[in-house]
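Hi everyone, thanks for coming along. I'd like to walk you through one structure today, so have the sequence and the 3D view open as we go.

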There are 4 protein chains.
Amino acid sequence: MADREVAVIVGVGGGLSAALARLCAKEGMAVALAARNTDKLAGLVRETGAMAVACDASQPGDVERLFATVADTLGTPSLVVFNASRRVRGPIHDLDPGEVRESLMTTGYAGFLVGQAAARAMLPSEQSAGQSAGQSAGQSAGKAMGQGSIFFTGASASVKGYPQSAPFAMGKFALRGLAQSMARELAPKNIHVAHFVIDGGIRQGGDDPRGPQRGVDGLLEPDAIARSYLDMHRQHRSAWSWEIELRPWIESF
Amino acid sequence: MADREVAVIVGVGGGLSAALARLCAKEGMAVALAARNTDKLAGLVRETGAMAVACDASQPGDVERLFATVADTLGTPSLVVFNASRRVRGPIHDLDPGEVRESLMTTGYAGFLVGQAAARAMLPSEQSAGQSAGQSAGQSAGKAMGQGSIFFTGASASVKGYPQSAPFAMGKFALRGLAQSMARELAPKNIHVAHFVIDGGIRQGGDDPRGPQRGVDGLLEPDAIARSYLDMHRQHRSAWSWEIELRPWIESF
Amino acid sequence: MADREVAVIVGVGGGLSAALARLCAKEGMAVALAARNTDKLAGLVRETGAMAVACDASQPGDVERLFATVADTLGTPSLVVFNASRRVRGPIHDLDPGEVRESLMTTGYAGFLVGQAAARAMLPSEQSAGQSAGQSAGQSAGKAMGQGSIFFTGASASVKGYPQSAPFAMGKFALRGLAQSMARELAPKNIHVAHFVIDGGIRQGGDDPRGPQRGVDGLLEPDAIARSYLDMHRQHRSAWSWEIELRPWIESF
Amino acid sequence: MADREVAVIVGVGGGLSAALARLCAKEGMAVALAARNTDKLAGLVRETGAMAVACDASQPGDVERLFATVADTLGTPSLVVFNASRRVRGPIHDLDPGEVRESLMTTGYAGFLVGQAAARAMLPSEQSAGQSAGQSAGQSAGKAMGQGSIFFTGASASVKGYPQSAPFAMGKFALRGLAQSMARELAPKNIHVAHFVIDGGIRQGGDDPRGPQRGVDGLLEPDAIARSYLDMHRQHRSAWSWEIELRPWIESF
């Protein structure tokens, strides 16, 4: 178990999580997939040997249980990817406050819960107890190194607030702020935090109806995105990136 | 009543809201001040003739009541400023999820509630009913103009996620995403939405203990900030700004 | 002479420089207008009492003479605005290298020459001799204060490189880098450097043919822009901005 | 010859160009190295089998000859990397205008010359003749595809103008504007233009004197940077990045 890298992918829905699961499995990692509903993951689990865990990532207890299960079953994760999000659209005066709140919880707050749990798992034990270590932290400051990558999936809305899409802008901006803060805090502890701006539509299956009108390679291939995540995970720590944006060659920006 | 501009200032605490209240009153506006606790506003109310309204801006019902009261008592607001925020600090692994959630609610979600209520008040009535207007909206699209300014107060953390400050980064990034989305959506409806990046400490009273070490004008003067808010409110709509940052001359950036 | 503020406006062509000249004159400033060709300035000179100076701002000698003339005739400038630029467009493979070079010289390098001359005029004499002041600078470091504002006019192209417009992007990005570096360097010396992103078309005269299709206030009014320049010049130094963008309310961004 | 990829690396000095040359050679590419002075390249040429070409990249004629030589000797380049730059530092009032001009020419204008020559080489012949193709371009618009990657090396100064470093900010901002414009223009023609923000010191040789004080992996390893350039070159076009920043894990940002 100690020899295998462990990857945790949270928020399974579109093609990206599946592509990540396949690539991680191919690279020899043990994979855990977390989603609210794990029913539809049966095929992917069979294909990749991944473990599926039911988890509402906006609930602290669920996220805690997810990481405890992973630790017990697979070991310490070295790659955690947060993919969950919930989009609510509409003119600002029409939006339902309860839905806006849910969107912010799923897109932003859940990212915090997963990022925090990942950091706790990756930091050395004296720093991950969930409380200040006091004097002992000071004494061992020099050797307090963690290990691993924590990646957050953003969207065009992470860097540009579109009209009639305030809730998604709020959630995705919040997630980017979280990722940037965590990158600054954890990089010097040897934990690589990065944010991906996916600027364009991700192809959903081989017969995505949007495909033809976008033209050849006009939608992001999930496998191509996953490749860039893995490249980022493999970066040497003397030359880390905290953010990268990915878009189809024909996409306006 | 119809001749007087109406200003609503939400989140009263530091010196900025008081300076805004004074400047708006001096400019002849009727002013409403909204805060969780209005006890400490007595002096300011006496000085400016403002109306104080108790309001927890992260509660939809409170915000609704606030704007109903303003409409009934003072009239339609032409300037709404959202100043509320709640900062939580600490290493990512130490943060209490409940407090992070509260921070996000007060700093980000409350901004949405206030921004939405302001938009509803400023848009023409057929667009502000809180539901899609259907066919009639299409018919009157050409003349559907609103009026007024909605301003959000940000911080250095709005554009830079600092270490050990993930919750504040999340809330302030979210607020900026909201402001940018609303600016794009509402500008063509004649409503000026802007975001202010306050990059530095605001002087709290004449004897702020930080003053001497910062040197002359080393902390932002609340009156100077308020002046820039008013300049922005007075901008001609052929040359609007959606964002401006303000910092002391000696501040590093 | 000592009681009057002095404004220097470099690069006179569109409506912005004329509007600035009028507003500065109205505010009681003495105004100098610098342009390659001063013939067409006769009307504006008559109207504002401004001094017109022939100057190719991309030539070090010309810029030196301009500021010497201003110093001798009007006194030390407290506001210098650089408006010059030259746009070259075309597919990257088609561009003429000589024209690209000229564009970079007029849009970027000329900005440096004017910014440097302005800084020399505004810094205290021991710092503005054009060479390191050595020991004496160290001795008087505490009191070495300058005074004034140096403003640079940018465009949408200052922050976004458009296709088929590489030369203009190069020049305008360079000018923004200059402005940002100077802002960081000179703000602590009491000199306010700022950059304006003009995002949209500026109305050229009362019968600008683009006006009708853009709709009411769809082009930036030169007077409205000038107003924001003056507001920035009047900002209290405890709350300075280094950049602001201005665009018509109906402009997409 | 047709089977081998061809890489052109312009501006050889620090460790990055050598690392790129080694990695490209290892990947089976034919490599051309362009520098003002090729004397010091003997060792690298021997090691990698690269061709060394003397070239002052700020001279149109030199750049034209470089690309003609590469075309004749190695074939059409599929990867062109521009690394040249010239840094001039000092207080704004002290800078020598002639040196500022040279810095802008070497850091910015040379990037244009190399980028243009690369685009001409990579675009289909009817578009690369150095003049508008007129009607025929319209007729063949559908099939006018190019191929290859054009990469520009930036620095921290590309996105932040530091005090006392105006000339470098101008040159590096200009280069980024060029890269962004070219990325938007050429991506839809199947040419991948990207900009790299190197944020930190690059290790110069095994005994870089700065190494010990920066700590383990505290300076960017040239091989690690080169790896990210190659990853970017290999990105699938459905998920291209136009910019990435690289910094050591312990670097503040």
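I'll go from a single chain to an interface, then to salt bridges, and end with a few individual residues.

One thing up front: this is a predicted model, so please hear every value as computed from it.

Let's start with chain A. It is built from eight helices and seven strands. Its radius of gyration is 18 Å, close to the 18 Å that the globule rule gives for 253 residues, so chain A is as compact as a globular protein of that length. If you lay the C-alpha trace along its principal axes, it spans about 60 × 45 × 35 Å. How much of the chain is buried? Of the 253 residues in chain A, 63% are buried. And for those of you who like contact maps: take the contacts in chain A with a separation of 6 or more, and 67% of them come from residues 24 or more positions apart.

Now bring in chain B and look at where it meets chain A. The contact involves 47 residues of chain B and 47 residues of chain A. Together the two chains bury about 3,900 Å², with carbon and sulfur atoms giving 64% of that area. How many salt bridges are there between chain B and chain A? The count is zero. Polar contacts are another story: 20 residue pairs across this interface are in polar contact, with both residues at pLDDT 80 or more. On the chain B side, helices α4 (97-122) and α6 (166-186) each supply at least two of the residues touching chain A. The most comes from α6(B), with 14 residues. Sorted by class, that side of chain B has 24 nonpolar, 16 polar and seven charged residues.

On to salt bridges, then. As a reminder, side chains of opposite charge can pair when their charged atoms come close. Over all chains, the count comes to 48 salt bridges. I've picked three for you.

The first pairs Arg234(A) with Glu5(A), and their closest N and O atoms are 2.9 Å apart. This pair links distant parts of the chain, with Arg234(A) in helix α8 (residues 222-234) and Glu5(A) in the segment before β1 (6-10), 229 residues apart. Both ends count as partly exposed: Arg234(A) has a relative accessible area of 41%, and Glu5(A) has 24%.

For the next one, stay in chain A and find Arg65(A) and Asp62(A). Their side chains meet in a salt bridge at 2.8 Å, N to O. Here the partners are three residues apart in helix α3 (residues 60-73), so about one helical turn separates them. Arg65(A) is exposed, at 53% relative accessible area.

The last of my picks is between Arg237(C) and Asp217(B), with the closest N and O atoms 2.8 Å apart. Arg237(C) sits in the loop between α8 (222-234) and β7 (243-246) of chain C, while Asp217(B) is in the loop between α7 (211-214) and α8 (222-234) of chain B, so this pair joins two chains. Arg237(C) is partly exposed, with a relative accessible area of 21%. Before we leave the topic, one network: Glu5(A), Glu27(A) and Arg234(A) are joined by salt bridges that share partners.

Let me finish with three single residues.

Go to Gln116(D), in helix α4 (residues 97-122) of chain D. Buried or exposed, what would you guess for Gln116(D)? Its relative accessible area is 3%, and buried means under 20%, so Gln116(D) is buried. Leaving aside sequence neighbours up to four places away, Gln116(D) touches Ile92(C), His93(C), Asp94(C), Leu95(C) and Pro97(C).

Still in chain D, Asp56(D) is found in the loop between β3 (51-54) and α3 (60-73). With a relative accessible area of 18%, Asp56(D) is buried too. Beyond those same four places in sequence, Asp56(D) touches Arg36(D), Asp62(D) and Val63(D).

Finally, Gln147(B) lies in the loop between α5 (135-139) and β5 (148-155) of chain B. This residue is exposed, at 58% relative accessible area. Not counting residues up to four places away in sequence, Gln147(B) touches Met122(B), Lys189(B), Asn190(B) and Ile191(B).

That's my tour, and I'm happy to take questions.

Conventions: Residues are numbered from 1 along each chain as its sequence is written. Chains are lettered from A and ligands numbered from 1 in the order in which they are written. This is a predicted model: local features need pLDDT of at least 70, side-chain atom pairs count only at pLDDT 80 or more; totals for chains, interfaces and linings use all residues. Side-chain values use heavy atoms; hydrogens and water are left out. Contact means heavy atoms within 4.5 Å. Buried area is the accessible area (1.4 Å probe) that two parts lose on being put together, summed over both. A salt bridge is a side-chain nitrogen of Lys or Arg within 4 Å of a carboxyl oxygen of Asp or Glu. A polar contact is a pair of N or O atoms within 3.5 Å; within protein, one must be able to donate a hydrogen and the other to accept it, and residues adjacent in sequence count only if both atoms are side-chain atoms. Helices (H or I, at least four residues) and strands (E, at least two) are DSSP runs, numbered from the N terminus. Ala, Val, Leu, Ile, Met, Phe, Trp, Tyr, Cys and Pro count as nonpolar, Asp, Glu, Lys and Arg as charged, and the others, Gly among them, as polar. The radius of gyration is taken over C-alpha atoms; the globule rule is 2.2 Å times the number of residues to the power 0.38. Buried means under 20% relative accessible area, exposed over 50%, partly exposed in between (1.4 Å probe, protein chains only).
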